[in-house]
Each structure stands twice: as C-alpha cells, then as structure tokens.
Amino acid sequence: MIKPVTIILLGTSLVFLTLHLFDIIEWHLVVVCFLTAGIALINAFFAYFLFKKSLGRPNKDFLVYNLGGMLGRMLFLLLVVFIVIKFLNIDEYAFIFLFFIFYFTSLIFEINYFRIKARQ
C-alpha cells in the first residue's frame, strides 16, 4: 500500500516541480503540492502501521485499531489542515483541492490493500 501511494504522491509532486521549472506554474503551487503530498503520506503510513498492528488480533482489538485509528487519523488531518490554512501563507483553494485529490487517491489504495489482505 505504501509503495504505490508514495510513487503517485512523489510523482505528482515531481510533475509540479517540472512544470515550475518550465515556468508553466508558480512556485507556491509546488510548495502546496509537496505539503499536501507529505500530509497524505503521513496519513497513509499511519493507516498501514495500524492495519499491520491489528492483523492476527481478536476482532475487538482489530476494530479498535482500525476504527479508532481512522478516528485518530481524521482528527490529525483536521488539525493539520486547520493549522496549515490558518497559519501558513499559501493558496487555500489549491491546498484544499490537492489535499482532497491526494487523500482520496491514498484512500483508494488503502481500501484496495485492506480488501486484498482480507481475502488472504
């Protein structure tokens, strides 16, 4: 799960950097892209870590790790997004747009990974 998410997030960030080098987009969009990619990557690492920790445990512990972890990750993301929008001087619309794209992309890979592991 982590490898495809990392490839997509870093690949998109490098595309933004390349577009800036050719003067197609401005630098602040590259900064926003790297920032949102980092936040989404941290979220994906937490999801992977909690899922690996919950494998082989009783159902109650499995639900606590996964559902509780989901609640903790959502609170973390809410706090980070609030801090970034409130205290950093960035384009809020670009940040929110890229954050949702990266979040839903990593969520697709996360669900697919969980589905494959559940079959095994």
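## Helix packing exercises

Helix α2 (residues 27-54) and helix α4 (residues 92-119) pack with their axes 9 Å apart, at an angle of about 25°. This is a predicted model, where local features need pLDDT of at least 70, side-chain atom pairs count only at pLDDT 80 or more, and totals for chains, interfaces and linings use all residues. Residues are numbered from 1 along each chain as its sequence is written, and side-chain values use heavy atoms, with hydrogens and water left out.

**Exercise 1.** Work out how α2 and α4 are oriented to each other, and what kinds of residues make their contact.

*Solution.* Start with how the axes are drawn: they are lines fitted to C-alpha atoms, for helices over the stretch in contact, and angles run from 0 to 180 degrees between N-to-C directions. Next, the naming: angles under 35 degrees count as roughly parallel, over 145 as roughly antiparallel, 65 to 115 as roughly perpendicular and the rest as oblique. With an angle of about 25°, α2 and α4 are therefore roughly parallel to each other. Their crossing is right-handed (the near helix is turned clockwise from the far one by less than a right angle). Last, sort the contact by class: 18 residues are nonpolar, two polar and three charged. Here Ala, Val, Leu, Ile, Met, Phe, Trp, Tyr, Cys and Pro count as nonpolar, Asp, Glu, Lys and Arg as charged, and the others, Gly among them, as polar.

**Exercise 2.** Do the same for α1 and α2, then find what His20 touches.

*Solution.* The axes of α1 and α2 come within 9 Å and cross at roughly 175°. The two helices are therefore roughly antiparallel to each other. Contact means heavy atoms within 4.5 Å, and on the α1 side the residues that meet α2 include Leu9, Phe16 and His20. Among their α2 partners are Trp27, Val30 and Phe34. By class, this contact has 16 nonpolar, four polar and no charged residues. Now zoom in on His20, which lies in α1. Leaving aside neighbours within four places in sequence, His20 is in contact with Ile25, Glu26, Trp27 and Val30. His20 and Val30 sit 10 residues apart in sequence, and their C-alpha atoms are 7.2 Å apart.

**Exercise 3.** Describe how α2 packs on α3.

*Solution.* The angle is about 165° and the axes are 9 Å apart. That makes α2 roughly antiparallel to α3. The crossing is right-handed. On the α2 side, the contact residues include Ile39, Asn43 and Phe46, while Tyr65, Arg73 and Leu77 are among those from α3. By class, the contact splits into 13 nonpolar, four polar and two charged residues.

**Exercise 4.** Which residues of the largest nonpolar core touch the most other members, and which helix gives the most to this core?

*Solution.* A nonpolar core is a set of buried Ala, Val, Leu, Ile, Met, Phe, Trp, Tyr and Cys residues joined through side-chain atoms within 4.5 Å. Buried means under 20% relative accessible area (1.4 Å probe, protein chains only). The largest core has 28 residues, of which Leu9, Ile39, Phe95 and Phe102 touch the most other members. α1 (2-21), α2, α3 (59-87) and α4 each supply at least two residues, and α2 gives the most, with 10. Take Ile39: not counting residues up to four places away in sequence, Ile39 touches Leu77, Val80, Val84, Phe95 and Phe99.

**Exercise 5.** Give the overall layout of the chain.

*Solution.* Count the elements: there are four helices and zero strands (DSSP runs, H or I of at least four residues for helices and E of at least two for strands, numbered from the N terminus). For burial, 32% of the 120 residues are buried. For dimensions, the C-alpha trace spans about 55 × 30 × 15 Å along its principal axes.

Methods: Buried < 20%, exposed > 50% of the residue type's maximum accessible area, 1.4 Å probe, protein only.
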